[in-house]
Amino acid sequence: MLLLPATMFHLLLVARSGPARLLGPPPYLPEPKALWSPRALLLWLTWLGLQVALYLLPARKVAEGQELKDKSRLCYPINGFQALVLTALLVGLGVSAGLPLGALPEMLLPLAFMATLTAFIFSLLLYLKALIAPASALAPGGNSGNPIYDFFLGRELNPRICSFDFKYFCELRPGLIGWVLINLALLLQEAELRGSPSLAMCLVNGFQLLYVGDALWHEEAVLTTMDITHDGFGFMLAFGDLAWVPFTYSLQAQFLLYHPQPLELPMASVICLINAVGYYIFRGANSQKNSFRKNPSDPKVAGLETISTATGRQLLVSGWWGMVRHPNYLGDLIMALAWSLPCGMSHLLPYFYLIYFTALLVHREARDEQQCLQKYGLAWQEYCRRVPYRIMPYIY
């Protein structure tokens, strides 16, 4: 709870410094007045309010989540991509009317502070709300009896007020859309400073917009992820969704604004190919998994080999999921490399995302393995025997 915010602010400070050393001390420690800004607070609350309003708009589809302990299923609006498009239209209208979006990069420090403060206050309210929640509404892992641990992991699985689901809202809306908005603001400021955005900045913006757009287009798939089905909603997810994602994942664009890098067209083409390969694996694996979960008789997946489990479900053991046990993570990591390569090889800082994301996915993969072993038992052991590599073929 202390190290993650400190790391985020360290990255924000060193990205704009001359040396831009990932492992060195920050160039300075900001004064309190550099963090607290009524203007930033108003902007942050307006952003959250806008995303809440877009969440509440009529959805193109309402999907049911996984079955809960009490055998019920919650309903979720599938309108994340609609929120992205409407946000883009509103921002476009604002910029055409004179909105100084290029000034946003100068407010990243106070905005990150507001997001962090929001995460702490929000997590406290969620913890207090969970104290009166029924036992069936609590998450498996966030009820250890240690208040600090439970505050961090989150006690309640699906905290709601009426039909508004706080965890589902935060998972893909304010942070992910905020990430690409910050990227756009950095691109516009670079264009103001240098006459036009660099090829490297355009690639980073394009790659990450594709990733966010894909996540929101396939929003329904998040309903089967560990974040939604297993983890409680506490500080870990609240800070990650609201602060860590927009202000840390935009690190490559931040770096390029203050440290422009030359990028020739041949190298740019190679980087585009790497990103395309990563996206092809990522989307192919996720689409195959989602199609199989929805309808195992779907012609796209009906011919794939499976292993039967004691739960009645089937485990895919061919296709993407016969190559490695987590092919979607492999695609994710290849894309992460492509996002960092436009920043050149002279600094380690823009590769922080790749390093961090590798550690995150290896840890998440270990949690996945443990849960699947408990759930599927001998069938999972057979799957691991048939598919020995976890993420990277012949390596890990």
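The following exercises, each with a worked solution, concern a predicted model of one protein chain.

**Exercise 1. Confidence**

Determine which helix of the protein chain has the lowest confidence and which has the highest.

Solution. Begin with the chain as a whole: its pLDDT averages 92, and 100% of the residues score at least 70. Next, consider the individual elements. Confidence is lowest in helix 10, residues 226-229, where the mean is 85. The highest value, 97, belongs to helix 9, which covers residues 199-217.

**Exercise 2. Cysteines and disulfides**

State how many disulfides a search of the whole structure finds, and explain why Cys-162 is not bonded to Cys-75.

Solution. The search of the whole structure returns zero disulfides. The criterion required here is that two cysteine sulfur atoms lie within 2.5 Å. For Cys-162, the closest cysteine sulfur is that of Cys-75, and because the separation is 14 Å, the two are too far apart for a bond. Cys-202 is likewise in no disulfide; its nearest cysteine sulfur belongs to Cys-272 and is 11 Å away.

The surroundings of the two residues can then be set side by side. Cys-162 is exposed, with a relative accessibility of 76%. Cys-202 has a relative accessible area of 36% and is partly exposed.

**Exercise 3. Positive phi outside glycine**

Locate Lys-71 and Cys-162 in the chain, and give the phi angle of Lys-71 and of Cys-162.

Solution. The general expectation comes first: most residues other than glycine have a negative phi. Lys-71 is not a glycine, yet its phi is positive, at about 75°. Lys-71 sits in the loop that links strand 1 (62-64) to strand 2 (75-77). With a relative accessibility of 62%, Lys-71 is exposed.

Cys-162, also not a glycine, has a positive phi of about 55°. Its position is in the loop between strand 3 (160-161) and strand 4 (164-165).

**Exercise 4. The second largest pocket**

Describe the volume of the second largest pocket, and identify which helix supplies the largest share of its lining.

Solution. The second largest pocket holds about 610 Å³ of space. Its lining consists of 25 residues; those nearest the centre are Leu-43, Trp-47, Leu-101, Leu-104 and Leu-181. Assigning the lining to secondary structure, one finds that at least two residues come from each of helix 3 (38-56), helix 4 (80-96), helix 8 (174-194) and helix 11 (235-248). Helix 3 gives the largest share, seven residues. By residue class, the lining comprises 20 nonpolar, four polar and one charged.

**Exercise 5. Record annotations against the model**

Find how much helix the model contains over residues 80-101, 263-282 and 1-17.

Solution. An unreviewed UniProt entry lists several spans as "transmembrane region", including 80-101 and 263-282. Over residues 80-101, the model is 77% helix and 0% strand, with 23 Å between the end C-alpha atoms. Over residues 263-282, the composition is 90% helix and 0% strand, and the end C-alpha atoms are 26 Å apart.

The unreviewed entry in UniProt also lists residues 1-17 as "signal peptide". In the model this span is 76% helix and 0% strand, and its end C-alpha atoms lie 25 Å apart.

**Exercise 6. Two buried residues**

Decide whether Thr-116 is buried or exposed, do likewise for Leu-316, and give the C-alpha separation of Thr-116 and Leu-354 and of Leu-316 and Phe-120.

Solution. The cut-off needed is that buried means under 20% relative accessible area. Thr-116, in helix 5 (residues 108-130), has a relative accessible area of 7% and is therefore buried. Leu-316, in strand 6 (residues 314-316), has a relative accessibility of 9% and therefore also counts as buried.

For the distances, Thr-116 and Leu-354 are 238 residues apart along the chain, and their C-alpha atoms are separated by 23 Å. Leu-316 and Phe-120 are 196 residues apart along the chain, with 40 Å between their C-alpha atoms.

Definitions and conventions:
Residues numbered from 1 in each chain as written. Predicted model: local features only at pLDDT ≥ 70, side-chain atom pairs only at ≥ 80, totals over all residues. Heavy atoms only, no water. Buried < 20%, exposed > 50% of the residue type's maximum accessible area, 1.4 Å probe, protein only. Helix = DSSP H or I, 4+ residues; strand = E, 2+ residues; numbered from the N terminus. 1 Å grid on protein atoms, 1.4 Å probe; cavity = no way out; pocket = protein on both sides within 12 Å on 5 of 7 lines; lining within 4 Å. Points joined across faces, edges and corners; volume = space filled by probe spheres on them. Nonpolar A, V, L, I, M, F, W, Y, C, P; charged D, E, K, R; others polar. pLDDT = per-residue confidence, 0-100. UniProt positions renumbered as here; feature names shortened; annotations may be inferred.
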